Amino acid sequence: MSFFPEFRISGSALTAEKTRLDVIAGNLANMNTTRTPEGGPYKRRTVVFSEDLAASRSRRAIVTPFVPSSATGGAYRGQGVRVDQILADHRDPMMVYDPEHPDAGEDGYVLYPNVELAKEMTDMITAQRSYEANVTAVQTAKSIYTKALEIGR
Amino acid sequence: MFFLHDETTGRLIKGLDAAALRQQVTAHNLANLNTPNFNRSDVSFEDELMRARQQADTPLARTHEKHFPITPGPEINPTIKTDTTTTRRIDGNNVDIEREMLNLVSNQLRYNTYVQRLNGRFDNWRYVINEGRR
Amino acid sequence: MVVNSVNRADAFIDRNIVLQTRNPEESDPSFADALRGVLGQVNRLQVEADAATEQLMSGNIENLHQVMIKAEEAQLSLQFTVQVVNKVLQAYQEIARMQI
């Protein structure tokens, strides 16, 4: 996002949480979508986050090694977070008995998306909390840089 | 760097290094607030200083007079430690948002304090140089 | 409270640098040698500050405080050296004015 490392790190989190919010919004919008082009009801989507480390694109979180020197540049590899993938949730769809429905099967059951409102709302709140926390991190980083400019004045 | 030869100023500068690094580490922790199996990290510097100072008060005994006397007060450098001991949530993540936010604030204040002390030193030098004109 | 750094005026003049730049014909390092050594240091600090600024501009903004500190050091050392030179000139002029 920018040159400053802290902004890059926090920026990555803002992007990731925004992506998650988008996915949640898509889930909520399609809560009652019983037919899709691929056939069957809409499948709930989730995001998979992983730690973003320099010189490492492995999905597993890697323990940061000790850095026994005063140099702050280059040795710490934490670069924030990334969205590894957006997964489709393959759990069984919800079955609602409604023979009158045009999408009802032979048994009279309609397949509804496996989206739970409570879960989506909780995820949304978590995402928002994280978003706000990372915004604060950006503001703090900005104050630190501004303060550094006051050295010697 | 002949103005900054004294120990305290050297430590102040290292403190600034540590604070800047801590900001970055805390930002990384916060960015991974919801990453499964993530371990938070910390930067330790001031604690090491305090420990070294406590050790300096109790000089180490020598078993043989030819041994080098150990003068405590080695060079302390900021170190990054990964924390694997704090409680985890179900997704394996041990980042506590309140703790990180508090770290942001306290670290910022620490940075400000170090900058202020450093400026104090520079002011002293500037005074000596300029008043020495007379 | 002991103000360590200001008490020790010899902290300004790094003895090694003075010994390196001295004229090998003379037996003791003279004031000229000391001055040469200090000027070398001043120049080195300016160069370091410039290098740090260049690094800053090319995107490595991680250690802004280091850049600021180096810049301040360079400026202080320059001011100090100028004052010393002024004082030396003053002393010389005063001696030159003395009537024999």
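pLDDT is the predictor's confidence in each residue, on a scale from 0 to 100. Keep that in mind as you click around, since what you have open is a predicted model. For the complex, the predictor gives an ipTM of 0.79 and a pTM of 0.78.

**Stop 1: chain C, coloured by confidence**

Select chain C and colour it by pLDDT. Its mean is 75, and 68% of its residues reach 70 or more. Where is confidence lowest, and where is it highest? The low point of chain C is helix 1 (residues 4-7), with a mean of 46, and the high point is helix 4 of chain C, at 87. Now pick residues 1-9 of chain C: pLDDT stays under 50 there, and the model has six contacts beyond four places in sequence for this stretch. Take the drawn path of those residues with a pinch of salt.

Switch to a cartoon view. You'll find four helices and zero strands in chain C, so to speak an α-α-α-α run from the N terminus on. Buried residues make up 22% of its 100 residues. Among contacts in chain C with a separation of 6 or more, 38% are between residues 24 or more positions apart.

**Stop 2: chain B as a whole**

Hide chain C for a moment and select chain B. How many helices and strands does chain B have? Three helices and two strands, and from the N terminus on they come in the order α-β-α-β-α. Chain B has 134 residues, and 33% of them count as buried. Of the contacts in chain B with a separation of 6 or more, 75% link residues 24 or more positions apart.

**Stop 3: helix 3 of chain B**

Zoom in on residues 97-131 of chain B, which form helix 3. At 1.5 Å a residue, its 35 residues should span 51 Å, and the end C-alpha atoms are indeed 51 Å apart, so expectation and model agree.

Next, show the side chains of its buried residues: Glu100(B), Asn103(B), Leu104(B), Asn107(B), Tyr111(B), Tyr114(B), Val115(B), Leu118(B) and Phe122(B). What covers them? Bring all three chains back, and you'll see that the cover includes helix 2 (117-148) of chain A, helix 1 (7-31) of chain B and helix 4 (64-97) of chain C.

While you're here, click Gln24(B), which lies in helix 1 of chain B. It counts as buried because it has 25 C-beta neighbours inside 10 Å, the cut-off being 20 or more. Draw a distance from Gln24(B) to Leu104(B): the two are 80 residues apart in sequence, yet their C-alpha atoms are 9.8 Å apart in space.

**Stop 4: where chain A touches chain B**

Show chains A and B together. In this pair, 38 residues of chain A are in contact with 35 residues of chain B. On the chain A side, the elements that give two or more residues are helix 1 (5-29), strand 1 (45-53), strand 2 (78-88) and helix 2. Which of them gives the largest share? Helix 2 of chain A does, with 13 residues. Colour that side by class and you get 17 nonpolar, 16 polar and five charged residues.

**Stop 5: two helices side by side**

Now keep just helix 1 of chain A and helix 1 of chain B on screen. They pack at an angle of about 5 degrees, and their axes are 8 Å apart. The two helices are therefore roughly parallel to each other, the label used for angles under 35 degrees.

To see the contact itself, show Pro5(A), Glu6(A), Ile9(A), Ser10(A), Ser12(A) and Ala13(A), which meet Gln23(B), Gln24(B), Ala27(B), His28(B), Leu30(B) and Ala31(B). Sorted by class, the residues of this contact are six nonpolar, five polar and one charged.

**Stop 6: helix 2 of chain A, and a last residue**

Finish with helix 2 of chain A. Its 32 residues reach 47 Å from first C-alpha to last, close to the 46 Å expected at 1.5 Å a residue. Its buried residues include Ala127(A), Asn134(A), Thr140(A), Ile144(A) and Lys147(A). What covers the buried residues of this helix includes helix 1 of chain A, helix 1 and helix 3 of chain B, and helix 4 of chain C.

Finally, click Phe4(A), in the segment before helix 1 of chain A. Buried or exposed? Phe4(A) counts as buried, because it has 20 C-beta neighbours inside 10 Å. Its C-alpha is separated by 9.5 Å from that of Tyr145(A), 141 residues away along the chain.

Notes. Residues numbered from 1 in each chain as written. Chains lettered and ligands numbered in written order. Buried ≥ 20, exposed ≤ 12 C-beta atoms within 10 Å, placed from the backbone. Contact = placed C-beta atoms within 7 Å. Expected span 1.5 Å × (residues − 1). Nonpolar A, V, L, I, M, F, W, Y, C, P; charged D, E, K, R; others polar. Axes fitted to C-alpha atoms, helices over the stretch in contact; angles between N-to-C directions. Parallel < 35°, antiparallel > 145°, perpendicular 65-115°, else oblique.
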